[in-house]
Protein chains: 2
Amino acid sequence: MGLDYRVRCCPDGLMTDRRHNVKVLDCTIRDGGCNNDWLFSHELVGRTFDALVKAGVDVMEVGYWTSPGVYDPATTGPWRFCREDDLVRVVRASDMKLAVMCDMGRIRKEDIPPKGETAIDIVRVATYAKDVPEAVDLLQHCRELGYETFCNVMAVTTCTPQEVDAFLGVLRESAVQHIAVVDSFGAMYPHHVRYLIRKYKNWLRPDQGVGVHLHNNQETAFANTIAGIDEGADFVDATIFGMGRGAGNCPLELLLMYLDDPRHDVRPILELTDELADLRAELKWGYHVPYAVTGWLNLHPRSAIDRMRLDRSAPREFYDTLTANRPRARHHEPRKG
Amino acid sequence: MGLDYRVRCCPDGLMTDRRHNVKVLDCTIRDGGCNNDWLFSHELVGRTFDALVKAGVDVMEVGYWTSPGVYDPATTGPWRFCREDDLVRVVRASDMKLAVMCDMGRIRKEDIPPKGETAIDIVRVATYAKDVPEAVDLLQHCRELGYETFCNVMAVTTCTPQEVDAFLGVLRESAVQHIAVVDSFGAMYPHHVRYLIRKYKNWLRPDQGVGVHLHNNQETAFANTIAGIDEGADFVDATIFGMGRGAGNCPLELLLMYLDDPRHDVRPILELTDELADLRAELKWGYHVPYAVTGWLNLHPRSAIDRMRLDRSAPREFYDTLTANRPRARHHEPRKG
């Protein structure tokens, strides 16, 4: 593969790739659970945990912490709650860190256990930009309890630059240790990721890590991850076989092969992908036109997810509905020559 | 979508995107036919033609020209041959140009009709680097017959830089009008495309166009196309719903939405994608781990295509077979902290 090595040595920033010791966070069960209400068996989650440990992945985000009363445990799977009696059935001693996500408004401070009473090492709080001050307060509490802290500011593509400045200013003054660029809608092209990673790194403190959490609506999640790594992302999110909400996320196996890091071993992951291929046919993540359309339009994927539950996705009709208020200057005038 | 517009105005080359009046070549039937021996009905090909015309696509590559005796017409569909009596059933007068591909060694000069006797406007010759001189000779003949000429040098990721220099030197001195960067194995990351587009543009004459034909083994075809456009590609290949050999190609609908060009209308394309989704389930293009593994290893996809015909793709076993001769320094040593 002569070209590959030659290009990696090129001094031009545009053409060189910059794989480095990036940390890998797997969120297969947490984000994938958005497709099936977290109804994964303990057995599958245990095998996922084991595979991730063997693969040398740095962090597994196993699910959410959620306060009682927000979801009905009769219809919502255990990984929406991550109670300790469920965790102990799937995790064992390892060097891999274990994370949970908390949604702003779905968790009360008093429902977060002290660090000594759980297998969890890391708390990630998912928040919209407007709620960043409250998220910082919650993460400060988690930090005091002994957790490593991450803040995921969702849907940043809907923010004005001034709104981004504002929340980065708040985060810079906070105890939050890591902040992710989050493409909730799968709307970003690589240049957006480059811009945002640079911006986050410029605004945040040098001791704060910057990551990416990217959705695959337009089949850009992996390439956007590469762009993020090129710009200096410290950690990147991925999921096995790309399982995740809507179109899904960056496939972990693609990322590990790309990173070419001897600390990783992609083979245990490849033992799970056939099984997930069956799940994909059922849960319908991956490339489908309705997801692509909401990604392109920078819209929440919920309408595309609803559409994918129908027999026919009828993407032309779906597109027409979502673009009804956009100008239609698209009179076809083909070019000659 | 404030961020989008802000980023597009950024003066920094790394972050700005550079959508311009790029020409779009659709090869849905030609490349997609590699999955089903070109056994598409005239009715479907006719509807594809109509949709591409309405969408404002510049060129439709409808199939191959192949000399008699190379394939058996009893088992191989009409688009492997593109006989005039098949073409007239699916095309009508339009401003869209019609192309065929010729494989080196599968077409004799005397089997190429004069321009006046066919609906075809463009001949693309697919060749490996070693056969570029013969391809140039064939394309010179096509040019004399009145065709617009394209040369696709396949599998360029397997060439040494010196081999690339050599064939570009031959093409620069030729009558060939357009040359494509071809990622036959889906092995490229965006920085490879950037490097090769720059190189092709530097080496070729200013009046020669440069294009991209990219495969999607690692889900990079669309993002690699964006990288190609950023670096100045004059034309780009795509296929509806990404249908193409193995993992497939850059999805045309993603490309048209991205280009945001008022000459295009994605809606007629979206009327075909549900139908192609059914075909995808049967013909198995799209993201599957065996394709990803051969792409990553910079290998021809044939072993992955064979593997995908089995009930279980067993990617761990497949990976082990293909990497048996690679060094295995992958002792897992997880990081702390």
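Let's start in the interior of this predicted model, at one well-connected leucine. Leu255(A) touches Val24(A), Phe222(A), Thr225(A), Val236(A), Ala238(A) and Cys250(A), leaving aside residues up to four places away in sequence. Leu255(A) also belongs to the largest nonpolar core, which has 214 residues. The residues with the most contacts inside that core are Val100, Val181 and Leu255 of chain A, together with Val100(B), Val181(B) and Leu255(B).

**Chain A as a whole**

Stepping back, chain A has 14 helices and 8 strands. Its radius of gyration is 20 Å, close to the 20 Å that the globule rule gives for 337 residues, so chain A is as compact as a globular protein of that length. Along the principal axes, the C-alpha atoms of chain A fill a box of roughly 70 × 50 × 45 Å. Burial reaches 53% of the 337 residues in chain A. What about contacts along the sequence? Counting those in chain A between residues at least 6 apart, 74% join residues at least 24 apart.

**Two helix pairs in chain B**

Now over to chain B, where two pairs of packed helices are worth a look. Helix H7 covers residues 190-203 and helix H8 covers residues 221-230. Their axes come within 8 Å and cross at roughly 30°. An angle under 35 degrees counts as roughly parallel, so H7(B) is roughly parallel to H8(B). The crossing of H7(B) and H8(B) is right-handed. On the H7(B) side, the contact is made by Pro190(B), Val193(B), Arg194(B) and Ile197(B). H8(B) contributes Ala223(B), Asn224(B), Ala227(B) and Gly228(B).

The other pair is H5(B), residues 132-144, and H6(B), residues 161-172. These helices pack at an angle of about 20°, with their axes 10 Å apart. That angle makes H5(B) roughly parallel to H6(B). H5(B) passes H6(B) in a right-handed crossing. Here Val132(B), Pro133(B) and Val136(B) of H5(B) meet Phe167(B), Val170(B) and Leu171(B) of H6(B).

**Helix H9 and positive phi values**

Helix H9 of chain B, residues 252-259, has 7 of its 8 residues buried, so H9(B) is largely enclosed by the rest of the structure. The buried residues are Leu252(B), Glu253(B), Leu254(B), Leu255(B), Leu256(B), Met257(B) and Leu259(B). One of them, Leu255(B), appeared above among the residues with the most contacts inside the largest nonpolar core.

The backbone around H9(B) has its own points of interest. Just after this helix, Asp260(B) takes a positive phi of about 55°. Phe241(B), in the loop between strand S8 (235-238) and H9 of chain B, has a positive phi near 55° and is a residue other than glycine. Ala314(B), also not a glycine, has a positive phi near 40°. Here are the three side by side:

| Residue | Phi | Place in chain B |
|---|---|---|
| Asp260(B) | about 55° | just after H9(B) |
| Phe241(B) | near 55° | loop between S8 and H9 |
| Ala314(B) | near 40° | loop between H13 and H14 |

Is Phe241(B) buried or exposed? Phe241(B) has 30 C-beta neighbours inside 10 Å, so it counts as buried. Ala314(B) lies between helix H13 (302-308) and helix H14 (315-322). Ala314(B) has 18 C-beta neighbours inside 10 Å and therefore counts as partly exposed.

Technical notes:
Residues are numbered from 1 along each chain as its sequence is written. Chains are lettered from A and ligands numbered from 1 in the order in which they are written. This is a predicted model: local features need pLDDT of at least 70, side-chain atom pairs count only at pLDDT 80 or more; totals for chains, interfaces and linings use all residues. Helices (H or I, at least four residues) and strands (E, at least two) are DSSP runs, numbered from the N terminus. The radius of gyration is taken over C-alpha atoms; the globule rule is 2.2 Å times the number of residues to the power 0.38. A residue is buried if 20 or more other C-beta atoms lie within 10 Å of its own, exposed if 12 or fewer, and partly exposed in between; C-beta atoms are placed from the backbone. Two residues are in contact if their C-beta atoms, placed from the backbone, lie within 7 Å. A nonpolar core is a set of buried Ala, Val, Leu, Ile, Met, Phe, Trp, Tyr and Cys residues joined through C-beta atoms within 7 Å. Axes are lines fitted to C-alpha atoms, for helices over the stretch in contact, and angles run from 0 to 180 degrees between N-to-C directions. Angles under 35 degrees count as roughly parallel, over 145 as roughly antiparallel, 65 to 115 as roughly perpendicular and the rest as oblique. A crossing is left-handed if the near helix is turned anticlockwise from the far one by less than a right angle, and right-handed if clockwise.
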